[in-house]
Structures are given as structure tokens and as C-alpha cells.
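User: Please take a close look at a single part of this model. I would like to know how one helix is packed and what lies around it.

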Amino acid sequence: MKRLFLLLAAAVVLALPPASAQTTTTPAAAPATTATAVPLSAGHRKAAEALLAATNSEQNLTLTVDRMLAGQIEQNPGMKSVEPEMRAYLTKYMSWAALKNEMVELYASAFTEKELKELTKFYLTPIGRKTIEQLPQLTVAGMEIGQRRMQEHLPELQQAIAEKMKNQTPGAEQ
């Protein structure tokens with residue numbers, strides 16, 4: 001179950017617009033939060049909503065959550081009996097309706113209104129559309145590469161940990 005929630009967190013990330021190569025004028029020291037310190041102007045909110053719409057965030061989130069749930073049930077068929085409860089929970093807390101306002105605020109806190117409009121304009125171009133279409137598959141493939149690499153070299157980590165543990169005396173901190 002814990003794995004499902006981690007996968008769902010990843011789903012939210014995958015459903016959002018891809019990171020842009022542009023730099024923002026938001027100060028680096030100001031952390032992005034789910035609530036902005038200053039109320040958003042109507043234009044800023046509208047620009048953030050437009051970006052999220054242009055990047056198909058709602059559809060991507062829904063598809064990703066559905067895929068994650070189906071994958072969990074495929075891996076553990078016993079979970080099929082609790083699928084309605086899991087789906088109700090996910091709809092309540094991980095649906096676009098549940099997350100939209102916070103996502104709008106998050107993007108508005110990270111980008112100026114002008115930057116949001118520029119990003120939206122980009123994502124509506126042919127290369128922007130292609131980016132949106134390709135990014136989920138590229139992200140999954142990249143995660144698979146990382147997972148494969150970790151599995152290939154896991155014995156090295158296990159050996160290093162075993163050596164460290166063997167050389168530690170009980171109760172000693174290092």
C-alpha cells in the first residue's frame with residue numbers, strides 16, 4: 001500500500017507540465033509552496049490555469065492515476081476486491097478537482113504571469129505538443145533505465161553496507 005502512495009505521488013509529477021529550460025525571475029531563495037504569500041491576480045491565476053490546460057494536466061493526471069491503480073492490481077490481484085475503495089480515495093484526494101487550485105497556486109508561485117503565458121504559447125506549438133506527448137513515455141523509460149542500473153549494481157551497495165556493518169562495533173556511532 002505504501003508503494004501505491006509513492007507511485008501516486010510520482011503520478012502527480014508526471015501529470016504536470018514538463019520543466020522548462022527557461023529560468024524564472026522567481027528568487028531562488030523563495031521556496032515554491034502550495035499557497036502563495038500574496039493573493040494571485042485574476043490574470044496570474046488565469047495564466048497558470050491556461051498553462052495547466054495547454055499541457056493536458058487534468059487528462060494526464062487521470063490517466064496516470066488509472067494506470068498506477070491498474071498496475072498495482074496487476075501486481076497484487078488480491079487488491080481487486082478493494083479497488084472501489086481505492087478509487088474513491090484517489091478521486092477524493094488525487095483527482096484534478098482536488099488538486100487543481102493548489103497546482104494553479106504552485107505554478108503561479110514559481111512563474112510570473114508573463115512566463116506562464118510564454119510557456120503556454122510554447123506548449124501550443126508543434127514541438128511543445130510533441131514534448132507533452134513524449135514526456136510521459138520518456139520519463140517512464142528514464143525511470144526504467146535508473147531502476148535497471150540500480151539493480152545491476154545493487155550487490156556493490158550491499159557489499160559496502162555489509163563491510164561497514166561488519167567493521168562497526170556494537171553501540172559505536174560512525
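Analyst: The answer below starts with helix α6 and then turns to its surroundings.

This is a predicted model, in which local features need pLDDT of at least 70 and side-chain atom pairs count only at pLDDT 80 or more, while totals for chains, interfaces and linings use all residues. Residues are numbered from 1 along each chain as its sequence is written, and side-chain values use heavy atoms, with hydrogens and water left out.

Helix α6 covers residues 113-123; helices here are DSSP runs (H or I, at least four residues), numbered from the N terminus. Its buried residues are E115, L116, L119, T120 and Y123. Buried means under 20% relative accessible area, exposed over 50%, and partly exposed in between, with a 1.4 Å probe and protein chains only. Seen down the axis of α6, these buried residues fall within an arc of 140°, so they line one face of the helix; the arc is that of the directions from the helix axis to the C-beta atoms. An α-helix has 3.6 residues a turn, so residues three or four places apart point the same way. On the other side of α6, K114 and K121 are exposed.

The cover over the buried residues of α6 includes α2 (42-54), α5 (96-110) and α7. Contact means heavy atoms within 4.5 Å.

From α2 comes H44, which counts as buried at 15% relative accessibility. Not counting residues up to four places away in sequence, H44 touches A108, F111, T112, E113 and L116. L116 is also one of the buried residues of α6. The side chain of H44 reaches the backbone oxygen of A108 at 3.1 Å.

Helix α7 spans residues 126-167 and holds I161. At 45% relative accessibility, I161 is partly exposed. Together with L157 and M165, I161 makes a nonpolar surface patch of about 290 Å². Patches are made of residues with over 30% relative accessible area and no salt bridge (a side-chain nitrogen of Lys or Arg within 4 Å of a carboxyl oxygen of Asp or Glu); nonpolar side chains (Val, Leu, Ile, Met, Phe, Trp, Tyr) are joined within 5 Å, and like charges within 9 Å. Accessible areas come from the Shrake-Rupley method with a 1.4 Å probe.

Elsewhere in the chain, T62 lies in helix α3 (residues 57-75) and is partly exposed, with a relative accessible area of 40%. T62 and W96 are 34 residues apart in sequence and 7.4 Å apart in space, C-alpha to C-alpha.

Key:
Helix = DSSP H or I, 4+ residues; strand = E, 2+ residues; numbered from the N terminus. Polar contact = N/O pair within 3.5 Å; in protein donor to acceptor, adjacent residues only side chain to side chain.
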